[in-house]
Amino acid sequence: MPDSTGAVAPVLPEVRPIASAPLVSAPFATAMEEIGREHPDVVVLSADLSKYTDVAPFARAFPDRFFQVGMAEQNMMGIAGGLAKTAFTPVAVTYAVFATRRAGEQVQMALATSGHTSAVIAAFLPGLTTPFRATHQATDDLAIMRAVPGMTVIDPMDATELAESIKAAITAGGPVYLRAQRGDVPAILAPPSGFVIGRSVLLRDGGDAGIIGTGLGSQWAIEAAERLAASGVQAAVLHVPTIKPLDSEAIAGFAARFPAVTTVENHSVIGALGSAVCEVVAGAGIACRVSRRGVPDRWAPAGPLDYLRRSLGLDAESLATAVAASAGGR
């Protein structure tokens, strides 16, 4: 429907309020069972973490297509590479820190150098979603995987998008790194979300400020926008679930609307969404200032997610204040 200026308003997806969003139990597990029935070439590998990465249901349903390799992530990636080269589509499941740090070389050499070999790395405990410290906090994984040639990198924001993105990853036709969440996951987006690899989604529109998020950062961006709206500031929120390939056109168009945008991510401010947005804005010659919000250039403390967010200025109040300040106090 055109507005008074003749412009066509964007069609926004149904975004449920964060506080009242329904919880979906083990969306990754459910999606993998569906994938197993539809794709007989899909096999799953676990490095002694099947209980903690929601793949036990797949193992029970398809025992001949599940491989428990033990506490040997490097070996798991090598096995996945071999399976990928023999007409299987392996899904290697582990914690994000183990996939990108401990098995980083095997991911690149066994899975990524062959170009179009289909393989998926499902990485759990992304960013700050763990009470442990640096040993389990994957705050650099997106930056690492984004630098791997030919690697698709996905950071879903909720249960709906997680289920849809893992299904898309299976048929992507190359190596995919996908951040996953376990257990009960909120469904912020009403299904189906229409997830497409490489496409961004405008979650909320507004003309006073611009926020760009990915993964849990998009949830935090919505919280900040809701807080700002209560004080009369209408912030637009662009969700970028695919860090690579990047929806540069949508990001550039969004940034061009505002004198400043704020990026929000469950990751270091170095090398992932914030850096990618800066690259797009600079490359397009857009006169827009980019303020990056995420984990600063230091190791994060240990503790519950709410505590970590407050400690790092990623809670809704801190983000709303930062967005308002970046937008010139409007």
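Two residues are taken to be in contact when their heavy atoms lie within 4.5 Å. The structure described here is a predicted model, and the contacts reported below refer to that model.

The overall architecture of the protein chain comprises 12 helices and 14 strands. Its radius of gyration is 19 Å, close to the 20 Å that the globule rule gives for 330 residues, so the chain is as compact as a globular protein of that length. The C-alpha trace spans about 60 × 45 × 40 Å along its principal axes. Of the 330 residues, 56% are buried. When contacts between residues at least 6 apart in sequence are considered, 78% of them join residues at least 24 apart. The exposed surface of the protein chain amounts to about 13,100 Å², of which 56% is supplied by carbon and sulfur atoms. With respect to charge, the chain carries 25 positive and 30 negative charges, and the mean positions of the two sets are 4 Å apart.

Helix 9, formed by residues 248-255, contains the buried residues Ile251, Ala252, Phe254 and Ala255. These residues cover an arc of only 165° around the axis, which places them on the same side of helix 9. The packing partners of the buried residues of helix 9 include four strands, namely strand 9 (201-204), strand 10 (209-213), strand 11 (235-239) and strand 13 (260-268), together with helix 10 (273-284).

Strand 13, one of these partners, also contains Thr263. Thr263 has a relative accessibility of 0% and therefore counts as buried. Apart from neighbours within four places in sequence, the contacts of Thr263 are with Ile212, Leu273, Gly274, Val277, Val290, Ser291, Arg292 and Arg293.

A further buried position is found in a loop. Pro301 is located between strand 14 (289-295) and helix 11 (305-312), in the loop that joins them. The relative accessible area of Pro301 is 17%; because the cut-off for a buried residue is under 20%, Pro301 is classed as buried. Once neighbours within four places in sequence are set aside, Pro301 is in contact with Arg133, Gln137, Tyr307, Leu308, Ser311 and Leu312. Pro301 and Leu128 are separated by 173 residues in sequence, whereas their C-alpha atoms are 9.4 Å apart in space.

Conventions: Residues numbered from 1 in each chain as written. Predicted model: local features only at pLDDT ≥ 70, side-chain atom pairs only at ≥ 80, totals over all residues. Heavy atoms only, no water. Helix = DSSP H or I, 4+ residues; strand = E, 2+ residues; numbered from the N terminus. Rg over C-alpha atoms; globule rule 2.2 N^0.38 Å. Buried < 20%, exposed > 50% of the residue type's maximum accessible area, 1.4 Å probe, protein only. Areas by Shrake-Rupley, 256 points an atom, 1.4 Å probe, with all protein chains shown as cover. Lys, Arg positive; Asp, Glu negative; His and termini not counted. Charge placed at Lys NZ, Arg CZ, Asp CG, Glu CD. Arc of directions from axis to C-beta.
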